[in-house]
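Me: I've got a model open and I'd like to learn how to read its helix packing and its empty spaces. Can you walk me through it?

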Amino acid sequence: MNLRYIKKMLPAAALVLSLGMTSCVGDLDVTPQDPSTNMTVDLDALFNKCYANMALAGNGGANGDCDIDGLDGGTTGFVRQLFNANELTTDESICCWGDEGIPAFNFNQWGASHPMLKGFYYRLYFGVTICNHYLEIGSDYDATMTAEIRFLRALYYYYLMDSFGNIPFLTTVSSEKASQASRAEVYSWIESELLECAETMSEPEAKLSTDDGYGRADKAAAWLLLSRLYLNAEIYTGTAQWDKAAEYAQMVMDSDYSLYTAGNSSYSAYQMLFMGDNGENGASCEAILPLLQDGITTTSWGTTLFIIASTYKSDMASCGTTEAWAGNRARPEFVAKFFPNGDAPQVTTTEMVAAAGDDRALLWGKDRTLSVDNISEFTSGYSVAKFTNLYSTGGAAKNSQFVDTDFFLMRVAEAYLTYAEATCRANGGSITSAGKSAIDAIRSRANADIKNTYSLNDILDEWSREFFYEGRRRIDLIRYGRFGGTSDYKWQWKGGTQAGTNFSSNLNIFAIPDTDLNTNSNLVQNPGY
(Lines give C-alpha, C1' and ligand atoms only; values in the text may rest on other atoms or scores of the structure.)
Protein backbone atom coordinates (compact mmCIF):
# COMPACT_ATOMS: atom_id res chain seq x y z
CA MET A 1 0.00 0.00 0.00
CA ASN A 2 1.44 3.36 -1.03
CA LEU A 3 0.73 5.82 1.77
CA ARG A 4 1.81 8.79 -0.29
CA TYR A 5 -1.63 8.61 -1.92
CA ILE A 6 -2.92 10.21 1.28
CA LYS A 7 -1.86 13.38 -0.48
CA LYS A 8 -4.06 12.58 -3.44
CA MET A 9 -7.25 11.46 -1.75
CA LEU A 10 -8.81 11.69 1.68
CA PRO A 11 -8.32 8.28 3.27
CA ALA A 12 -11.55 6.87 4.64
CA ALA A 13 -12.36 3.73 6.52
CA ALA A 14 -15.36 1.88 5.17
CA LEU A 15 -16.92 2.04 8.63
CA VAL A 16 -17.32 5.22 10.62
CA LEU A 17 -15.58 4.63 13.95
CA SER A 18 -16.66 7.41 16.27
CA LEU A 19 -15.70 7.22 19.93
CA GLY A 20 -17.91 10.05 21.07
CA MET A 21 -16.88 10.93 24.60
CA THR A 22 -15.77 7.45 25.64
CA SER A 23 -12.57 5.60 24.99
CA CYS A 24 -11.80 2.23 23.47
CA VAL A 25 -15.43 1.17 23.39
CA GLY A 26 -18.13 0.85 20.74
CA ASP A 27 -20.13 -1.81 18.96
CA LEU A 28 -18.94 -2.04 15.35
CA ASP A 29 -21.10 -5.06 14.54
CA VAL A 30 -24.22 -3.07 13.65
CA THR A 31 -26.52 -4.41 10.93
CA PRO A 32 -27.34 -1.59 8.49
CA GLN A 33 -30.99 -0.59 8.18
CA ASP A 34 -30.50 -0.08 4.44
CA PRO A 35 -29.88 -3.53 2.91
CA SER A 36 -28.07 -1.90 -0.01
CA THR A 37 -25.39 -0.53 2.31
CA ASN A 38 -22.00 -2.01 1.46
CA MET A 39 -20.45 -3.40 4.64
CA THR A 40 -17.30 -4.71 2.94
CA VAL A 41 -14.30 -3.10 4.59
CA ASP A 42 -11.64 -1.67 2.31
CA LEU A 43 -8.56 -2.75 4.23
CA ASP A 44 -6.24 -0.46 2.26
CA ALA A 45 -8.40 2.51 3.21
CA LEU A 46 -8.61 1.39 6.84
CA PHE A 47 -4.82 0.99 6.85
CA ASN A 48 -4.45 4.57 5.61
CA LYS A 49 -6.93 5.77 8.21
CA CYS A 50 -4.73 4.43 11.01
CA TYR A 51 -1.98 6.77 9.80
CA ALA A 52 -4.22 9.67 8.78
CA ASN A 53 -5.63 9.95 12.30
CA MET A 54 -2.45 11.86 13.22
CA ALA A 55 -2.66 14.25 10.28
CA LEU A 56 -6.37 14.88 9.63
CA ALA A 57 -9.40 15.67 11.79
CA GLY A 58 -11.71 13.35 9.88
CA ASN A 59 -12.72 12.23 6.41
CA GLY A 60 -13.92 15.60 5.15
CA GLY A 61 -10.80 17.76 5.15
CA ALA A 62 -10.18 20.72 7.43
CA ASN A 63 -13.82 21.80 7.50
CA GLY A 64 -15.42 18.35 7.37
CA ASP A 65 -16.79 16.13 10.10
CA CYS A 66 -14.43 15.43 12.97
CA ASP A 67 -13.83 11.81 13.97
CA ILE A 68 -14.33 12.74 17.64
CA ASP A 69 -17.91 13.62 18.58
CA GLY A 70 -18.46 16.72 20.67
CA LEU A 71 -15.14 18.41 19.86
CA ASP A 72 -14.03 20.24 16.73
CA GLY A 73 -11.19 19.17 14.48
CA GLY A 74 -8.79 21.80 15.75
CA THR A 75 -9.35 20.85 19.39
CA THR A 76 -8.68 17.19 18.63
CA GLY A 77 -5.83 17.71 16.14
CA PHE A 78 -3.02 15.34 17.12
CA VAL A 79 -0.12 17.68 16.33
CA ARG A 80 -1.96 20.70 17.73
CA GLN A 81 -2.55 19.08 21.09
CA LEU A 82 0.86 17.38 21.11
CA PHE A 83 2.24 20.91 20.80
CA ASN A 84 -0.04 22.45 23.41
CA ALA A 85 0.53 19.73 26.00
CA ASN A 86 4.31 19.56 25.58
CA GLU A 87 5.32 23.10 24.59
CA LEU A 88 2.90 25.60 26.21
CA THR A 89 3.46 23.88 29.53
CA THR A 90 7.22 24.50 29.37
CA ASP A 91 9.96 27.09 29.01
CA GLU A 92 9.72 27.06 25.21
CA SER A 93 6.34 28.60 24.41
CA ILE A 94 3.49 30.73 25.69
CA CYS A 95 0.23 31.67 23.96
CA CYS A 96 -1.66 34.97 24.04
CA TRP A 97 -5.08 33.51 23.22
CA GLY A 98 -7.85 33.29 25.77
CA ASP A 99 -9.39 30.04 24.44
CA GLU A 100 -10.58 27.75 27.20
CA GLY A 101 -7.62 25.65 28.27
CA ILE A 102 -4.82 27.91 27.00
CA PRO A 103 -4.26 29.86 30.26
CA ALA A 104 -4.20 26.56 32.17
CA PHE A 105 -1.43 25.31 29.87
CA ASN A 106 0.48 28.60 30.16
CA PHE A 107 0.35 28.53 33.97
CA ASN A 108 0.56 24.76 34.68
CA GLN A 109 -2.90 24.69 36.22
CA TRP A 110 -4.85 22.03 34.31
CA GLY A 111 -7.32 19.49 35.66
CA ALA A 112 -9.63 16.68 34.59
CA SER A 113 -12.03 18.94 32.68
CA HIS A 114 -9.38 20.53 30.44
CA PRO A 115 -10.93 20.57 26.93
CA MET A 116 -7.72 20.35 24.91
CA LEU A 117 -6.31 17.48 26.95
CA LYS A 118 -9.62 15.73 26.32
CA GLY A 119 -9.15 16.32 22.62
CA PHE A 120 -5.65 14.84 22.77
CA TYR A 121 -6.82 11.87 24.84
CA TYR A 122 -9.75 10.96 22.57
CA ARG A 123 -7.74 11.49 19.39
CA LEU A 124 -5.20 8.99 20.66
CA TYR A 125 -7.85 6.49 21.69
CA PHE A 126 -9.57 6.83 18.34
CA GLY A 127 -6.23 5.84 16.82
CA VAL A 128 -6.04 2.83 19.15
CA THR A 129 -9.58 1.80 18.21
CA ILE A 130 -9.11 1.89 14.45
CA CYS A 131 -5.81 0.03 14.79
CA ASN A 132 -7.56 -2.60 16.92
CA HIS A 133 -10.28 -2.86 14.29
CA TYR A 134 -7.75 -3.34 11.49
CA LEU A 135 -5.92 -6.03 13.45
CA GLU A 136 -9.18 -7.87 14.18
CA ILE A 137 -10.40 -8.03 10.59
CA GLY A 138 -7.26 -7.62 8.48
CA SER A 139 -4.32 -9.15 10.31
CA ASP A 140 -3.96 -11.84 7.62
CA TYR A 141 -4.19 -9.37 4.72
CA ASP A 142 -0.52 -8.39 4.54
CA ALA A 143 2.18 -9.20 7.11
CA THR A 144 4.10 -5.94 6.70
CA MET A 145 0.96 -3.81 6.94
CA THR A 146 -0.11 -5.71 10.06
CA ALA A 147 3.27 -5.03 11.66
CA GLU A 148 2.94 -1.33 10.85
CA ILE A 149 -0.50 -1.13 12.44
CA ARG A 150 0.85 -2.85 15.55
CA PHE A 151 3.58 -0.20 15.60
CA LEU A 152 1.04 2.62 15.24
CA ARG A 153 -1.08 1.22 18.05
CA ALA A 154 2.03 1.04 20.23
CA LEU A 155 2.84 4.64 19.29
CA TYR A 156 -0.66 5.81 20.28
CA TYR A 157 -0.38 3.92 23.55
CA TYR A 158 3.08 5.42 24.12
CA TYR A 159 1.67 8.95 23.98
CA LEU A 160 -1.22 7.93 26.24
CA MET A 161 1.07 6.26 28.77
CA ASP A 162 3.54 9.16 28.74
CA SER A 163 0.82 11.80 29.07
CA PHE A 164 -1.85 10.16 31.22
CA GLY A 165 0.00 7.50 33.23
CA ASN A 166 -2.36 4.74 34.34
CA ILE A 167 -4.72 4.38 31.42
CA PRO A 168 -7.65 2.37 30.02
CA PHE A 169 -6.20 -0.49 28.01
CA LEU A 170 -7.77 -2.73 25.36
CA THR A 171 -6.29 -4.54 22.37
CA THR A 172 -9.69 -5.40 20.88
CA VAL A 173 -12.73 -3.37 19.88
CA SER A 174 -15.31 -4.06 22.54
CA SER A 175 -18.43 -2.63 24.13
CA GLU A 176 -17.04 -3.71 27.50
CA LYS A 177 -15.56 -1.04 29.72
CA ALA A 178 -11.80 -1.01 29.50
CA SER A 179 -9.78 -1.99 32.54
CA GLN A 180 -7.08 0.35 33.79
CA ALA A 181 -3.44 -0.62 33.36
CA SER A 182 -0.56 0.85 35.31
CA ARG A 183 2.07 2.90 33.56
CA ALA A 184 4.65 0.16 34.11
CA GLU A 185 2.30 -2.46 32.64
CA VAL A 186 1.69 -0.38 29.52
CA TYR A 187 5.43 0.26 29.23
CA SER A 188 6.11 -3.50 29.23
CA TRP A 189 3.40 -4.12 26.65
CA ILE A 190 4.73 -1.36 24.36
CA GLU A 191 8.26 -2.71 24.63
CA SER A 192 7.18 -6.26 23.80
CA GLU A 193 4.94 -5.13 20.94
CA LEU A 194 7.67 -3.02 19.33
CA LEU A 195 10.27 -5.76 19.60
CA GLU A 196 7.90 -8.20 17.90
CA CYS A 197 6.46 -6.01 15.16
CA ALA A 198 9.90 -4.64 14.21
CA GLU A 199 10.84 -8.10 12.99
CA THR A 200 8.22 -7.94 10.21
CA MET A 201 8.35 -4.26 9.32
CA SER A 202 10.15 -3.10 6.17
CA GLU A 203 13.89 -2.55 6.18
CA PRO A 204 14.88 1.08 6.85
CA GLU A 205 14.89 3.15 3.69
CA ALA A 206 14.95 6.94 3.42
CA LYS A 207 12.49 8.20 0.81
CA LEU A 208 11.27 11.25 -1.04
CA SER A 209 7.56 12.00 -1.12
CA THR A 210 7.50 10.80 -4.73
CA ASP A 211 8.69 7.32 -3.70
CA ASP A 212 6.46 4.40 -2.83
CA GLY A 213 6.17 3.99 0.92
CA TYR A 214 6.89 7.59 1.90
CA GLY A 215 5.08 8.24 5.15
CA ARG A 216 4.99 4.60 6.24
CA ALA A 217 6.84 3.36 9.31
CA ASP A 218 9.64 0.83 8.95
CA LYS A 219 12.02 -0.89 11.36
CA ALA A 220 13.80 2.38 12.12
CA ALA A 221 10.57 3.88 13.49
CA ALA A 222 10.21 0.96 15.90
CA TRP A 223 13.86 1.28 16.93
CA LEU A 224 13.55 5.02 17.51
CA LEU A 225 10.42 4.60 19.60
CA LEU A 226 12.17 1.89 21.62
CA SER A 227 15.11 4.20 22.22
CA ARG A 228 12.71 6.93 23.39
CA LEU A 229 10.92 4.46 25.64
CA TYR A 230 14.20 3.29 27.18
CA LEU A 231 15.55 6.85 27.57
CA ASN A 232 12.56 7.65 29.78
CA ALA A 233 12.30 4.21 31.41
CA GLU A 234 13.31 5.46 34.84
CA ILE A 235 10.37 7.87 34.79
CA TYR A 236 7.92 5.26 33.55
CA THR A 237 9.02 2.24 35.61
CA GLY A 238 11.57 3.38 38.20
CA THR A 239 14.39 1.47 36.49
CA ALA A 240 16.85 3.17 34.11
CA GLN A 241 17.64 1.56 30.75
CA TRP A 242 20.45 3.75 29.43
CA ASP A 243 22.31 0.94 27.63
CA LYS A 244 19.19 -0.15 25.75
CA ALA A 245 18.38 3.46 24.84
CA ALA A 246 21.86 3.86 23.35
CA GLU A 247 21.70 0.48 21.59
CA TYR A 248 18.51 1.24 19.68
CA ALA A 249 19.55 4.83 18.98
CA GLN A 250 22.74 3.46 17.43
CA MET A 251 20.69 1.15 15.22
CA VAL A 252 18.82 4.17 13.85
CA MET A 253 22.06 6.10 13.34
CA ASP A 254 23.52 3.16 11.40
CA SER A 255 20.41 2.77 9.20
CA ASP A 256 19.69 4.17 5.74
CA TYR A 257 18.35 7.36 7.32
CA SER A 258 20.76 10.22 7.97
CA LEU A 259 21.02 13.78 9.16
CA TYR A 260 20.18 16.13 6.31
CA THR A 261 23.20 18.39 5.80
CA ALA A 262 23.00 19.73 2.24
CA GLY A 263 20.99 22.94 2.36
CA ASN A 264 21.20 25.39 -0.53
CA SER A 265 22.32 28.95 -1.22
CA SER A 266 19.13 30.40 0.29
CA TYR A 267 18.28 28.11 3.18
CA SER A 268 20.23 26.13 5.74
CA ALA A 269 19.88 22.37 5.95
CA TYR A 270 18.12 22.71 9.31
CA GLN A 271 15.57 25.18 7.97
CA MET A 272 14.78 22.95 5.00
CA LEU A 273 13.47 20.28 7.38
CA PHE A 274 10.48 22.50 8.12
CA MET A 275 9.53 23.95 4.71
CA GLY A 276 6.69 23.33 2.27
CA ASP A 277 8.76 21.07 0.03
CA ASN A 278 10.46 19.12 2.83
CA GLY A 279 9.23 15.88 1.29
CA GLU A 280 10.91 16.71 -2.02
CA ASN A 281 13.95 18.88 -1.24
CA GLY A 282 16.13 16.08 0.17
CA ALA A 283 15.44 16.75 3.85
CA SER A 284 13.24 13.66 4.07
CA CYS A 285 16.37 11.50 4.38
CA GLU A 286 15.98 12.44 8.06
CA ALA A 287 12.23 11.79 8.29
CA ILE A 288 11.62 8.42 9.88
CA LEU A 289 7.89 9.10 10.31
CA PRO A 290 6.54 12.11 8.43
CA LEU A 291 2.87 13.11 8.75
CA LEU A 292 1.83 14.01 5.23
CA GLN A 293 0.27 17.37 4.41
CA ASP A 294 -0.94 18.81 1.11
CA GLY A 295 -2.54 22.22 0.65
CA ILE A 296 -5.24 20.86 -1.63
CA THR A 297 -6.05 17.26 -0.78
CA THR A 298 -5.10 16.78 2.89
CA THR A 299 -6.03 20.00 4.66
CA SER A 300 -6.09 20.37 8.41
CA TRP A 301 -6.36 23.11 11.02
CA GLY A 302 -4.59 20.95 13.56
CA THR A 303 -1.33 19.85 11.95
CA THR A 304 1.52 21.89 10.42
CA LEU A 305 -0.73 24.81 9.46
CA PHE A 306 -1.48 25.24 13.16
CA ILE A 307 2.21 25.52 14.07
CA ILE A 308 2.94 27.93 11.22
CA ALA A 309 -0.11 30.18 11.56
CA SER A 310 -0.04 30.28 15.37
CA THR A 311 3.55 31.55 15.40
CA TYR A 312 3.31 34.25 12.73
CA LYS A 313 2.01 37.80 12.54
CA SER A 314 1.64 39.84 9.36
CA ASP A 315 4.58 42.10 10.31
CA MET A 316 7.01 39.19 9.89
CA ALA A 317 8.65 37.86 6.74
CA SER A 318 6.38 35.65 4.64
CA CYS A 319 5.64 32.17 5.97
CA GLY A 320 3.99 30.90 2.78
CA THR A 321 0.36 30.99 3.94
CA THR A 322 -2.21 33.76 4.32
CA GLU A 323 -2.98 32.43 7.79
CA ALA A 324 -1.23 34.42 10.55
CA TRP A 325 -2.94 33.90 13.91
CA ALA A 326 -0.34 35.51 16.18
CA GLY A 327 -0.61 33.25 19.22
CA ASN A 328 2.39 31.15 20.25
CA ARG A 329 5.79 32.72 20.87
CA ALA A 330 8.97 32.06 22.84
CA ARG A 331 9.51 32.50 26.53
CA PRO A 332 12.82 34.28 27.29
CA GLU A 333 14.36 31.16 28.81
CA PHE A 334 14.19 29.46 25.44
CA VAL A 335 15.78 32.42 23.65
CA ALA A 336 18.56 32.18 26.24
CA LYS A 337 19.49 28.77 24.82
CA PHE A 338 20.98 30.74 21.92
CA PHE A 339 21.82 33.94 23.81
CA PRO A 340 22.83 32.90 27.35
CA ASN A 341 23.97 36.44 28.23
CA GLY A 342 20.50 37.86 27.64
CA ASP A 343 21.68 39.90 24.67
CA ALA A 344 19.35 38.57 21.95
CA PRO A 345 19.00 41.39 19.40
CA GLN A 346 15.66 42.81 18.24
CA VAL A 347 16.20 41.83 14.62
CA THR A 348 14.78 39.73 11.80
CA THR A 349 15.24 35.98 11.63
CA THR A 350 18.12 36.14 9.16
CA GLU A 351 19.96 38.59 11.38
CA MET A 352 19.12 36.52 14.48
CA VAL A 353 20.69 33.39 13.04
CA ALA A 354 23.85 35.29 12.22
CA ALA A 355 24.02 36.85 15.69
CA ALA A 356 23.51 33.49 17.40
CA GLY A 357 26.02 31.63 15.25
CA ASP A 358 23.51 28.78 15.03
CA ASP A 359 21.22 28.01 12.10
CA ARG A 360 18.55 26.82 14.51
CA ALA A 361 18.00 30.28 16.06
CA LEU A 362 14.94 30.81 13.87
CA LEU A 363 13.55 33.66 15.95
CA TRP A 364 12.07 37.04 15.07
CA GLY A 365 12.94 39.83 17.50
CA LYS A 366 12.12 42.91 15.45
CA ASP A 367 9.49 45.01 17.23
CA ARG A 368 9.33 42.42 20.00
CA THR A 369 10.31 42.44 23.66
CA LEU A 370 12.39 39.60 25.08
CA SER A 371 10.44 39.48 28.34
CA VAL A 372 6.83 38.29 28.26
CA ASP A 373 5.34 41.08 30.36
CA ASN A 374 1.92 41.07 28.71
CA ILE A 375 0.70 37.54 28.04
CA SER A 376 -2.23 38.71 25.91
CA GLU A 377 0.04 40.65 23.51
CA PHE A 378 1.78 38.62 20.80
CA THR A 379 4.70 41.06 20.47
CA SER A 380 5.51 40.53 24.16
CA GLY A 381 8.03 37.78 23.58
CA TYR A 382 10.14 36.84 20.56
CA SER A 383 8.40 35.13 17.65
CA VAL A 384 9.40 31.68 16.39
CA ALA A 385 9.89 31.35 12.62
CA LYS A 386 10.91 27.69 12.43
CA PHE A 387 8.08 26.22 10.34
CA THR A 388 7.03 27.72 7.01
CA ASN A 389 5.14 26.78 3.85
CA LEU A 390 7.84 28.33 1.67
CA TYR A 391 9.58 26.17 -0.92
CA SER A 392 13.36 25.93 -0.71
CA THR A 393 13.46 26.08 -4.52
CA GLY A 394 11.61 29.38 -4.56
CA GLY A 395 8.59 27.68 -6.11
CA ALA A 396 5.00 28.35 -5.14
CA ALA A 397 3.00 26.31 -2.64
CA LYS A 398 -0.07 24.47 -3.91
CA ASN A 399 -2.48 26.60 -1.88
CA SER A 400 -2.23 30.09 -0.46
CA GLN A 401 -3.96 29.04 2.76
CA PHE A 402 -3.43 25.37 3.61
CA VAL A 403 0.13 24.09 3.69
CA ASP A 404 2.25 21.38 2.06
CA THR A 405 4.74 21.13 4.93
CA ASP A 406 4.95 17.56 6.21
CA PHE A 407 5.40 17.24 9.96
CA PHE A 408 8.42 15.04 10.73
CA LEU A 409 7.03 13.37 13.86
CA MET A 410 10.11 11.17 14.18
CA ARG A 411 13.47 12.14 12.75
CA VAL A 412 17.05 10.90 12.93
CA ALA A 413 18.41 13.75 15.05
CA GLU A 414 16.54 12.29 18.03
CA ALA A 415 18.67 9.16 17.85
CA TYR A 416 21.88 11.23 17.97
CA LEU A 417 20.85 13.12 21.11
CA THR A 418 19.38 10.00 22.72
CA TYR A 419 22.67 8.20 22.16
CA ALA A 420 24.68 11.10 23.58
CA GLU A 421 22.53 11.44 26.70
CA ALA A 422 22.14 7.72 27.37
CA THR A 423 25.86 7.00 27.09
CA CYS A 424 26.66 10.06 29.21
CA ARG A 425 24.31 8.90 31.98
CA ALA A 426 25.62 5.33 31.79
CA ASN A 427 29.15 6.79 32.12
CA GLY A 428 28.38 8.53 35.41
CA GLY A 429 27.46 11.86 33.82
CA SER A 430 30.61 12.25 31.72
CA ILE A 431 30.27 12.47 27.97
CA THR A 432 31.85 9.62 26.02
CA SER A 433 33.87 10.20 22.86
CA ALA A 434 31.13 8.56 20.77
CA GLY A 435 28.47 10.63 22.51
CA LYS A 436 30.42 13.81 21.87
CA SER A 437 30.71 12.88 18.20
CA ALA A 438 26.92 12.52 18.03
CA ILE A 439 26.37 16.02 19.46
CA ASP A 440 29.14 17.41 17.27
CA ALA A 441 27.28 16.09 14.22
CA ILE A 442 24.09 17.87 15.32
CA ARG A 443 25.90 21.14 15.99
CA SER A 444 27.97 20.90 12.83
CA ARG A 445 24.80 20.62 10.76
CA ALA A 446 23.61 23.83 12.43
CA ASN A 447 26.96 25.57 11.79
CA ALA A 448 27.30 26.03 15.57
CA ASP A 449 30.58 25.99 17.46
CA ILE A 450 31.90 22.59 18.55
CA LYS A 451 32.66 22.43 22.27
CA ASN A 452 35.50 20.59 23.96
CA THR A 453 33.06 18.63 26.10
CA TYR A 454 29.37 18.49 27.01
CA SER A 455 27.68 18.06 30.37
CA LEU A 456 24.23 16.59 30.93
CA ASN A 457 22.93 20.15 31.25
CA ASP A 458 24.48 20.97 27.88
CA ILE A 459 22.67 17.99 26.37
CA LEU A 460 19.33 19.17 27.78
CA ASP A 461 19.91 22.57 26.19
CA GLU A 462 20.82 20.84 22.94
CA TRP A 463 17.51 18.95 23.02
CA SER A 464 15.78 22.32 23.18
CA ARG A 465 17.81 23.98 20.43
CA GLU A 466 17.29 21.04 18.07
CA PHE A 467 13.65 20.11 18.78
CA PHE A 468 11.89 23.27 19.95
CA TYR A 469 8.25 23.47 18.92
CA GLU A 470 8.21 19.81 17.82
CA GLY A 471 6.18 18.62 20.81
CA ARG A 472 8.71 16.94 23.11
CA ARG A 473 10.04 19.53 25.60
CA ARG A 474 7.85 18.44 28.52
CA ILE A 475 9.21 14.88 28.56
CA ASP A 476 12.81 16.12 28.51
CA LEU A 477 12.24 18.49 31.44
CA ILE A 478 10.53 15.71 33.41
CA ARG A 479 13.44 13.34 32.78
CA TYR A 480 15.82 15.98 34.12
CA GLY A 481 13.64 16.75 37.17
CA ARG A 482 12.90 20.28 35.98
CA PHE A 483 9.15 20.21 35.35
CA GLY A 484 6.77 19.57 38.26
CA GLY A 485 8.01 19.28 41.84
CA THR A 486 10.95 20.91 43.58
CA SER A 487 13.42 22.37 41.12
CA ASP A 488 15.81 25.28 40.89
CA TYR A 489 14.83 25.75 37.24
CA LYS A 490 12.20 28.43 36.69
CA TRP A 491 10.81 30.09 33.61
CA GLN A 492 8.57 33.11 33.14
CA TRP A 493 4.99 32.34 34.16
CA LYS A 494 5.86 28.83 35.36
CA GLY A 495 3.20 27.98 37.91
CA GLY A 496 1.32 31.21 37.16
CA THR A 497 3.74 33.90 38.35
CA GLN A 498 5.88 35.99 36.05
CA ALA A 499 9.08 35.20 37.96
CA GLY A 500 8.16 31.53 37.90
CA THR A 501 7.33 29.21 40.76
CA ASN A 502 7.33 25.45 41.26
CA PHE A 503 4.14 23.46 40.82
CA SER A 504 3.14 20.06 42.17
CA SER A 505 4.91 16.99 40.82
CA ASN A 506 1.56 15.24 40.26
CA LEU A 507 1.20 17.49 37.19
CA ASN A 508 3.99 15.51 35.53
CA ILE A 509 1.09 13.26 34.51
CA PHE A 510 -2.11 14.75 33.10
CA ALA A 511 -5.51 13.94 34.59
CA ILE A 512 -7.73 11.24 33.14
CA PRO A 513 -10.61 13.26 31.59
CA ASP A 514 -13.65 13.47 33.86
CA THR A 515 -15.86 12.37 30.97
CA ASP A 516 -14.09 9.01 30.88
CA LEU A 517 -14.16 8.62 34.65
CA ASN A 518 -17.91 9.25 34.62
CA THR A 519 -18.57 6.50 32.07
CA ASN A 520 -16.09 3.87 33.18
CA SER A 521 -16.25 2.69 36.78
CA ASN A 522 -13.01 0.73 36.29
CA LEU A 523 -10.97 3.92 36.22
CA VAL A 524 -9.29 5.67 39.13
CA GLN A 525 -8.06 9.24 38.72
CA ASN A 526 -4.32 9.88 38.74
CA PRO A 527 -3.02 11.02 42.16
CA GLY A 528 -3.37 14.68 43.07
CA TYR A 529 -6.34 15.54 40.87
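**Helix packing and a cavity**

Reply: Let's start with a helix pair: the axes of helix H8 (residues 219-231) and helix H15 (residues 413-426) come within 10 Å and cross at roughly 35°. This is a predicted model, where local features need pLDDT of at least 70, side-chain atom pairs count only at pLDDT 80 or more, and totals for chains, interfaces and linings use all residues. Residues are numbered from 1 along each chain as its sequence is written, and side-chain values use heavy atoms, without hydrogens and water.

Me: Which residues in H8 and H15 meet?

Reply: In general, two packed helices are described by the angle between their axes and the distance between the axes. Contact adds detail (heavy atoms within 4.5 Å). Here Leu-224, Ser-227, Arg-228 and Leu-231 of H8 meet Glu-414, Ala-415, Thr-418, Glu-421 and Ala-422 of H15. By class, that contact has 4 nonpolar, 2 polar and 3 charged residues.

Me: And what volume does the largest cavity have?

Reply: A cavity is a set of points on a 1 Å grid over the protein atoms alone where a 1.4 Å probe fits but cannot get out; lining residues have an atom within 4 Å of a point. The largest cavity comes to about 170 Å³. Its lining has 16 residues, and Tyr-159, Arg-228, Glu-470, Gly-471 and Arg-472 are the closest to its centre. So Arg-228 turns up again, having also been in the H8 part of the helix contact.Me: Which strand gives the most to that lining?

Reply: Strand E8 does, with 4 residues. By class, the lining of the largest cavity has 8 nonpolar, 2 polar and 6 charged residues.

Definitions and conventions:
Axes fitted to C-alpha atoms, helices over the stretch in contact; angles between N-to-C directions. Helix = DSSP H or I, 4+ residues; strand = E, 2+ residues; numbered from the N terminus. Nonpolar A, V, L, I, M, F, W, Y, C, P; charged D, E, K, R; others polar. 1 Å grid on protein atoms, 1.4 Å probe; cavity = no way out; pocket = protein on both sides within 12 Å on 5 of 7 lines; lining within 4 Å. Points joined across faces, edges and corners; volume = space filled by probe spheres on them.
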